[in-house]
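Trainee: I'm new to this one. Can we go through its empty spaces and its ligand together?
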Amino acid sequence: MAFKPLVFSGVQPTGNLHLGNYLGAIKRFVEMQATHDCIYCVVDLHAITVWQDPVELKKQIREVTAAFLAAGIDPKAHIVFNQSRVVEHAELAWVFNCVARMGWLNRMTQFKEKAGKDRENASVGLFAYPTLMAADILVYRATHVPVGEDQKQHLELARDIAQKFNNDFSAAIAANGHDPEDGFFPLPEPLTQGPAPRVMSLRDGTKKMSKSDPSDYSRIGLTDDADAIAQKIRKARTDPDALPSELEGLKDRPEADNLVTIYAALADTSRAAVLKEFGGSQFSTFKPALADLAVSALSPVSTRMRELMADTAYIDGVLKDGGERATAIARPVMDQVKDIVGFLR
Ligand code: AQP
């Protein structure tokens, strides 16, 4: 195998970290540590593609770091850092801006959703977000990327960029001593089959749970206390029917499907097993059971997160150490990119 397996993923420090981020990404990050070398990044350069209050941003970077550590990521065995510390991300992103095509970026649904109707007023960074994401991954020549389903399209674009770079510079890649068959960059694999690749809003089962939803009742926050979790689940939108006993019975019932998916992911079981237990029950029975489960699964994480967030010196030390170790991998890759592209150094 040409490329050593390496996992890279990131979370934006944009506040309101929620159950979707946890089940779709962070819980999976923790599991991957047993089988892979992992690099987990707090992607602050991505965060500023939409306006961030500078004072809040610092807090939010520490909050995501605390969530990583509280969930069980080991920053000594693996690498945890914030993106802006490692300048090679931005450096490679520029090269990728010149490899990627406007037409490719124009197809990205996340840009369309986030820019909304006022595209003229969106930042250039928001449009170029996926080329920076490709650089994040490829500056480590990472092979595997655990993400929620919403990020799959960006991952496909990262593969297209890696492929085009390998093709455009194939002669230079060979001249610099790399096997032209392999190319210089691997084509990173998305790993979207986490415990719950798509957690939906508690207010609307057709929309994903999101940090930027104006309603706090749409999401379960990772720092919510037991009362807030129970109240949000109690108020979660549902339909009037009882839970079905078979999976087909969840078809066209997005809110019911979402709550069953959340239960299954938190209990480390399947949706079918949840329906076997709760089929025929009303939501008045299921919701309290889900609230108890959510509180018992999340409270160790949120308690530890709060403790860690109070110890900023420790968090900052983890990020500094991780940044140095990440740079030690990224710098030689970026130097080789410069040689391949034809820059003098
Ligand atoms: N609802 C979700 N279900 C499953 N996974 C999700 N992720 C996000 N929402 C869900 C996954 O969490 C990781 C980190 O996401 P991010 O913060 O980097 O970006 P995002 O996808 O834009 O997250 P949000 O929460 O939806 O933020 P806003 O509201 O700002 O857009 C990623 O792996 C993502 O797939």
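Trainee: How much space lies in the largest cavity?

Mentor: About 50 Å³. Keep in mind that this is a predicted model, where local features need pLDDT of at least 70, side-chain atom pairs count only at pLDDT 80 or more, and totals for chains, interfaces and linings use all residues. Residues are numbered from 1 along each chain as its sequence is written, and side-chain values use heavy atoms, with hydrogens and water left out.

Trainee: What makes that space a cavity?

Mentor: On a 1 Å grid over the protein atoms alone, a cavity is a set of points where a 1.4 Å probe fits but cannot get out. The whole structure has one of 30 Å³ or more.

Trainee: Which residues line the largest cavity?

Mentor: Among them are Met108, Phe111, Tyr129 and His154; a lining residue has an atom within 4 Å of a point. Helix H6 (109–115) and helix H7 (124–138) each supply at least two residues of that lining.

Trainee: Now the ligand: why does its link to Ser212 count as a polar contact?

Mentor: A polar contact is a pair of N or O atoms within 3.5 Å. An oxygen atom of the ligand is 2.5 Å from an N or O atom in the side chain of Ser212, so the pair qualifies. His18 has a polar side-chain atom 2.7 Å from a ligand oxygen, so that pair fits too.

Trainee: How much of the ligand does the protein bury?

Mentor: Of the 640 Å² that the ligand exposes when taken alone, the protein buries 96%, going by Shrake-Rupley areas with a 1.4 Å probe.

Key. A polar contact is a pair of N or O atoms within 3.5 Å; within protein, one must be able to donate a hydrogen and the other to accept it, and residues adjacent in sequence count only if both atoms are side-chain atoms. On a 1 Å grid over the protein atoms alone, a cavity is a set of points where a 1.4 Å probe fits but cannot get out, and a pocket is an open set with protein on both sides within 12 Å along at least five of seven lines; lining residues have an atom within 4 Å of a point. Grid points are joined across faces, edges and corners, and a volume is the space filled by probe spheres set on the points. Helices (H or I, at least four residues) and strands (E, at least two) are DSSP runs, numbered from the N terminus.
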